[in-house]
Amino acid sequence: MSEALVAVETAGTDTSVPAVSGARQFWRRLRAQRAALVAAVVVALLVLVALAAPLLTALEGQDPTTYHPSLIDSARGGVPIGSLGGIGADHWLGVEPQTGRDMFARLVYGARVSLGVSLGATLAQVVIGVAMGVAAGLGNRWVDLVLSRITDIFISMPLMIMSLALLAIVPSGFPRPVLVALIISLVSGWSTTAKMVRAQTLALKNLDYVSASRLSGWSTWRTAVRELLPGLAAPVITYAALLVPANISAEAALSFLGVGVKPPTPSWGQMLTSADVWYQAAPQYLLLPALALFLTVFAMTVLGDGVRVALDPRAASRLRIGTGRKREARAGTAVPKPGPAATEATQDATQDVVPDATQDATQDLVPDAVPDTASDAVPGAASKKEERA
Amino acid sequence: MRQPSVIARRVAAASVSLVVAAGAAACGPEDSDAKGSGGDSAPHKGGTLTVLNSEPQTDFDPARLYTSGGGNVPSLVFRTLTTRNRENGAAGAEVVPDLATDTGRANKDATVWTYTLKKGLTYEDGTPITSADVKYGIERSFAPELSGGAPYLRDWLVGAADYQGPYKDKKGLSAIETPDARTIVFHLNKPEGEFPYLATQTQFTPVPKSKDTGTKYESHPISSGPYKVVKNENDGEHVVLERNTHWSPATDAERKAYPDTIDVRSGLDSSVINQRLSASQGADAAAVTTDTNLGPAELAKVTGDKELAARVGTGRFGYTNYIAFNPTVKPFDNPKVRQAISYAIDRSSVVNAAGGSALAEPATTFLPNQKSFGYTPYDPFPAGKSGNPAKAEELLKQAGFKNGLTITLTHSNDKNFETSPEIATALQDALKKAGITVKLQGLEDNDYRDKIHSVKTEPGFFLAHWGADWPSGGPFLAPIFDGRQIVKDGANFNTGLLNDKSVNGEIDAINKLTDLDAAAKRWGALDQKIGEKALVVPLFHPVYKRLVGSDVKNVVISDWTGVLDISQVSVK
């Protein structure tokens, strides 16, 4: 589990922000972070490229699986003929060594695998994690104990080894991308989500409006769906946003190890594994998928962090929205709803010791002056930030 | 009856750079002077030759080594009754006398073989080599604790099937007679005209009974060759050989032994070996490798550099990569389907996937394209350079598959340029043009090998490869096509499950021949006859390209092993 993920486990804990007005506020806060905005644009482009892969390759006039033996030098190990791996009007990013398959087509189709598998895995992780977490949080002592121990077992499982073992025993008839997504989600991600959701559920459970719902005789199911889920949305979205890049890396790693999606379906991880020996003779073969993977994971991580910050009420003070507007915004939307002091305090403590990779690193190291109050209500935080800036 | 080729098995396990003929089986070779330098004066005597290898020289005991032709490094220490001719190309695939005065004298039906030792042969301590020592060396290889060699001796010698070696059974093998100190006679239970090839293996090395230390013998085997072992660390990972002063070049026409010291360092990554050889710095300038080929990417780099290109040696080891059918699995029971697939194969894309035209040659025959195997060119289902999908579709229609066909191709997930996903994908692409949809079933390598070599689990359509223990048609064809070698429980190599009386009979008839040239011609004819049954689709024969250090001279690469022969190399 990356540090960033641990960090968000406690992020956005003041979830009392009403969902409807929260959406508008979320966008404003996200827009205020330039890096997150750029990342969002990059991610949107990547998704668009993945969706439009057949269109783009049709535009280029190529497809990802056709061999072009005439474009490679068979006597020299199959290195692409021409400069920069055979880049030209017909093959925008050149061709693959040994096969002559079009690199551009393979890259954009590879984006489908990377994004599809990772988004699918994230969805499954969120669904399982929320279900397990809410059930543990709302269930009685025994349900909680059993579910929490199951979660612990999955947390302690080594992802790569488990995935390799599982992928080796599943019959080859099973659709491979679905299988990879399922295995990534089952083996990792959901368990930490479940822990976070459980903690959050326990905190929300004692709030007046939830208590009211339970006391008025609504079923646990209805309470969970109507009262808890809106409150869980912010931390879960935050968490999911950071799971996506982790899942992309996991898919690439599995493909790199030869147990991911099957050829001829292109995947970035698989391209990397074939390309590693070619780094001197045909560097673009290695660089292109590596760059695509890096760009995607980086953009997803920055965006995920932006989402985290935007959903974190305490982070509002750190955003460069402008003091005046920020105060207005806060007055208008932030409904102070003090959580139980104890939970808040522990969560703050956790957050403060976790180093954060992004721009708020410095802020996180500053202990909150008044831990048991919602921190964005403390004007001091804002002024401190401005002094540093 | 088992006749698996250790080379075939080990190659399957080899990694990216096609580490061929691992360790002991590292073969020995003859030469292709790739240096092209010409005008070499007499080779320089002395110096240290470094060998950079991936596979260690494990179990460095003549009883335990599984070699083709006595191995490369082992052959520096162990002399055998016969050995490989240390010449370039086809001449190097011939068997020549070593300790013996000739390659063996057979009785009429090739069941009794007699050898006479040369005069003046001694061990590294100066004591004479006797025929009883050769007999003792063979007997020890039957001891369970010294297993590892090829199974031929147990299969061929009269009454040897249950022999447990000289430690348990002091009486010894009655199938081997030593009427005097220089004569040794072998009694076989069936005609084996190729016995001289077998006599090149290290089990035919003399071992003095008084010096035998059982399983500890491998740390210091008594040398009969030009070098003796002075250091052996980590079970063959680092072996240092120095000159054996009691070796007499007058009795050894094959080994040149120019350097004073051979320093064998193993356990290296193949890319590291090629990197060090291309840099050729310090001691690496006088370095060679006996088990690491250039991969396609490395070749692309090397061929762009004149200096490096001049240091590449090219060799061919008799080897075939092919598609195997299991005719008991539908639809491969229909010969028309097998023929259709044969026609649809695009050998140029397969060759590219295997590393390109410099590292693989398209194959239409099961026998390797070398004279000693009896290579007879034929192409029963001509697919041309890139396949004949129209003909394939026509055959499929006749077979009743009007709307195409969907089949599963089983392969290994290892990146080995042989049975890899890359080869499978290239085939998939080619068959698509003939309306054949190929689903790929990639298995973990051990799983893959277990499955294809068990009659019970053998898939219908899979990638396979075969290399022989010596360069002849016998060990190449018999294990794959002799119906009596179908193994119901255990490792089966007759994957086409062919049990044809006329084929079995011809194999027996050729084994009676002691004229190896005549035998080769008949192996070639038999290969063609079997080929027409379309039980396999030959894909390509690999070509080995290997770098040598910049100070290495006298590179000799034979068709027997395809790699340079250490015994011929000199260093500046």
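In helix 4 of chain A (residues 53-60), the buried positions are A:Ala53, A:Leu56 and A:Thr57; helices (H or I, at least four residues) and strands (E, at least two) are DSSP runs, numbered from the N terminus. A residue is termed buried if 20 or more other C-beta atoms lie within 10 Å of its own, exposed if 12 or fewer, and partly exposed in between, with C-beta atoms placed from the backbone. The three buried residues lie on the same side of helix 4 of chain A because they cover an arc of only 95 degrees around the axis, the arc being that of the directions from the helix axis to the C-beta atoms. The face turned away from this buried side carries the exposed residues A:Leu55, A:Ala58 and A:Leu59. Helix 3 (34-51) and helix 5 (103-138) of chain A are the elements against which the buried residues of helix 4 pack. After helix 4 of chain A comes A:Gly61, with a positive phi near 85 degrees.

The structure is a predicted model, in which local features need pLDDT of at least 70 and side-chain atom pairs count only at pLDDT 80 or more, whereas totals for chains, interfaces and linings use all residues. Residues are numbered from 1 along each chain as its sequence is written, and chains are lettered from A and ligands numbered from 1 in the order in which they are written.

Chain A contains 17 helices and 2 strands. Of its 389 residues, 49% are buried. Contacts are assigned to two residues if their C-beta atoms, placed from the backbone, lie within 7 Å. Among contacts in chain A between residues at least 6 apart in sequence, 73% join residues at least 24 apart. The mean pLDDT of chain A (the predictor's confidence in each residue, from 0 to 100) is 75, and 74% of the residues of this chain reach 70 or more. Over residues 1-20 of chain A, pLDDT stays under 50, and the model has 54 contacts beyond four places in sequence for this segment. Residues 334-389 of chain A also stay under 50, with 71 contacts beyond four places in sequence. Where pLDDT is low, the predicted coordinates should not be read in detail.

The interface between the chains brings 29 residues of chain B into contact with 22 residues of chain A. On the chain B side, two or more residues each are given by helix 7 (296-302), helix 10 (347-353), helix 12 (421-432) and strand 16 (436-443). Helix 12 of chain B provides the largest share, 6 residues. The chain B side of the interface divides into 12 nonpolar, 13 polar and 4 charged residues; Ala, Val, Leu, Ile, Met, Phe, Trp, Tyr, Cys and Pro count as nonpolar, Asp, Glu, Lys and Arg as charged, and the others, Gly among them, as polar.

Chain B is assigned domain 1 (69-225) and domain 2 (319-542), with bounds that come from an automatic or database domain assignment. The centres of the two domains of chain B, taken over C-alpha atoms, are separated by 34 Å. Domain 1 and domain 2 of chain B each give 13 residues to the contact. On the domain 1 side, these residues divide into 7 nonpolar, 3 polar and 3 charged.

In chain B, 4 strands form an open sheet in the order 4-5-7-6, with antiparallel pairing; two strands pair if DSSP finds at least two bridges between them. Strand 4 (105-106) and strand 6 (176-180) of chain B stand at the edges, each with a single partner strand, so one side of each is left without a neighbour in the sheet. Strand 4 pairs with strand 5 (residues 112-116) of chain B in the antiparallel sense over 2 bridges, and B:Trp113 in strand 5 is the bridge partner of B:Ala106.

Strand 10 (residues 261-265) of chain B has a covered face, formed by B:Ile262 and B:Val264, and an uncovered face with B:Thr261, B:Asp263 and B:Arg265. In a regular strand the side chains alternate between the two faces of the sheet. Strand 10 pairs with strand 1 (residues 48-52) of chain B in the parallel sense over 5 bridges, and B:Thr261 is the bridge partner of B:Thr48. The pairing of strand 10 with strand 9 (residues 238-243) of chain B is antiparallel, over 5 bridges, and joins B:His238 to B:Arg265 as bridge partners.

B:Val537 lies in strand 18 (residues 536-542) of chain B and counts as buried because 26 C-beta neighbours lie inside 10 Å. Not counting residues up to four places away in sequence, B:Val537 touches B:Tyr322, B:Ile323, B:Ile341, B:Ser342 and B:Ile345.
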